[in-house]
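User: I would like to go through the unusual backbone geometry of this protein, taking one residue at a time. Please give the reasoning behind each answer.

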Amino acid sequence: MRHDLRINLERLSAKLDALGDIGAIEGGGVSRLAFTEADRAGRDQVVEWMRMLGLSIEIDAIGNVVATRAGRSAGPGIMIGSHIDTVRTGGRYDGNLGVLAGLEVVERLNEEGIETDRSLAVAFFSNEEGARFAPDMMGSMVHQGHFGLEEMLQTVGIDGETVGAALDSIGYRGAAPCPAPSPAAYLELHIEQGPVLENEGITIGAVTGVQGISWTELTFTGQSNHAGTTPMRLRRDAGFAAGRMTAYVRQLTETIGGTQVGTVGSVNLEPNLVNVIARKATMTVDLRNTSEDDLQRAEGEMLDFAHRLAKDEHLELTHRRLARFKPVEFDPGLIDAVAVHARALGYSVTALPSGAGHDAQAFAPNCPTGMIFVPSAGGISHNVAEHTEIADIEAGANVLLNLAADLAG
Ligand code: GLV
Ligand code: MN
Ligand code: MN
């Protein structure tokens, strides 16, 4: 087992800063929603770095970019991947760290003159966030054959544009085959995006899997009317339903208990005016659980409540599923290998599941897949204040480097 290699932290850190400056927003954060001009600029930068490393670059029909360092033998290689799109108010590390650490792995192997038996690819996948176009993990799920390409290209985003049109507008609809064969193994380094590692004072997380994710859009439709003249009992108030529903989601997480979490992250009222009863409320519900049974129960109870509420308030209800992922477990051998490499490098390590979705989910059913977590300061992510200490970035990237070199042979 290798534990002699070390990444160049200054170089990795400079790349994180340079990519973080593209689409930079106030407070030190980044806004590079999928397939926007900022996403294009970020992609162009990373592709240029891939070229400078002498990698052979392929872009597929959903805009995934895979850059490969050849190995001595043909056949499936090792892939290091993540994403460089962000939520609208994102941080500098979510996704970006995994991709740029992958490039650092390649650069160190180049510098050391290390040839590997298997090829080593570094990939960034389109629209991992799903914040503009649901579902999330879109590019990696198409890459691994879980979602249909054509259906995804026709997905309409929050601004009315389709994935296909947006992809064309940034010039990233490529010709490489998609879906594509699975690698021999898939690795992803990511910030934890939660508080566990920091609270426990541990540097490396050996990720055991990802909890199930369910996104639903609910639309309540009633009638606009005058806020002053309409008696309460005669209202068909979609705004009231949105409020009740939001409170119910919190209550539901308490009823289900365990690892159940629930979020109403988006509510749109129409016409959204001070003195007009809302005619329409469009809202999202994000439910997650490590247990598929409990997640199904939460989904069922949430929809039952929404239907009862609509009936009681004389509203129409429509709902549609925006995303659904079952809980995923990672490869026991790779979970173990992450822990063994971390310890050999002198870092503390613990096993933990992921609360956030990751591209690794797309690979886990198809090939041995593993993830490495590093701590998030204050457990904060999807926030401009997202931060990971430089020493932790170094530790995570060193684990990735030695593990990838081992796997590639
Ligand atoms: C994706 O990043 C998610 O977990 O929402
Ligand atoms: Mn991410
Ligand atoms: Mn994210």
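The exchange below concerns backbone angles in what is a predicted model.

User: In which loop does the proline after Cys178 lie, given that the peptide bond from Cys178 to Pro179 is cis?

Analyst: Most peptide bonds are trans. The bond from Cys178 to Pro179 is instead cis, with omega near 5 degrees. The proline of this pair, Pro179, belongs to the loop between α6 (163-169) and β7 (185-191).

User: What is the omega of the peptide bond from Glu270 to Pro271?

Analyst: Pro271 is placed in the loop that runs between β11 (267-270) and β12 (280-289). The bond that joins Glu270 to Pro271 is cis, and its omega is near 5 degrees.

User: Is His314 buried or exposed?

Analyst: His314 sits in the loop between α9 (292-312) and β13 (316-325), and its phi is near 55 degrees, a positive value in a residue other than glycine. Most residues other than glycine have a negative phi. Exposed means over 50% relative accessible area; because the relative accessibility of His314 is 54%, His314 counts as exposed.

User: What is the accessibility class of His382, which has a positive phi although it is not a glycine?

Analyst: The phi of His382 is about 50 degrees, and the residue is found in the loop between β16 (369-374) and α12 (390-408). Buried would require under 20% relative accessible area and exposed over 50%, with partly exposed in between. Because the relative accessible area of His382 is 41%, His382 is partly exposed.

Definitions and conventions
Residues numbered from 1 in each chain as written. Chains lettered and ligands numbered in written order. Predicted model: local features only at pLDDT ≥ 70, side-chain atom pairs only at ≥ 80, totals over all residues. Heavy atoms only, no water. Helix = DSSP H or I, 4+ residues; strand = E, 2+ residues; numbered from the N terminus. Buried < 20%, exposed > 50% of the residue type's maximum accessible area, 1.4 Å probe, protein only.
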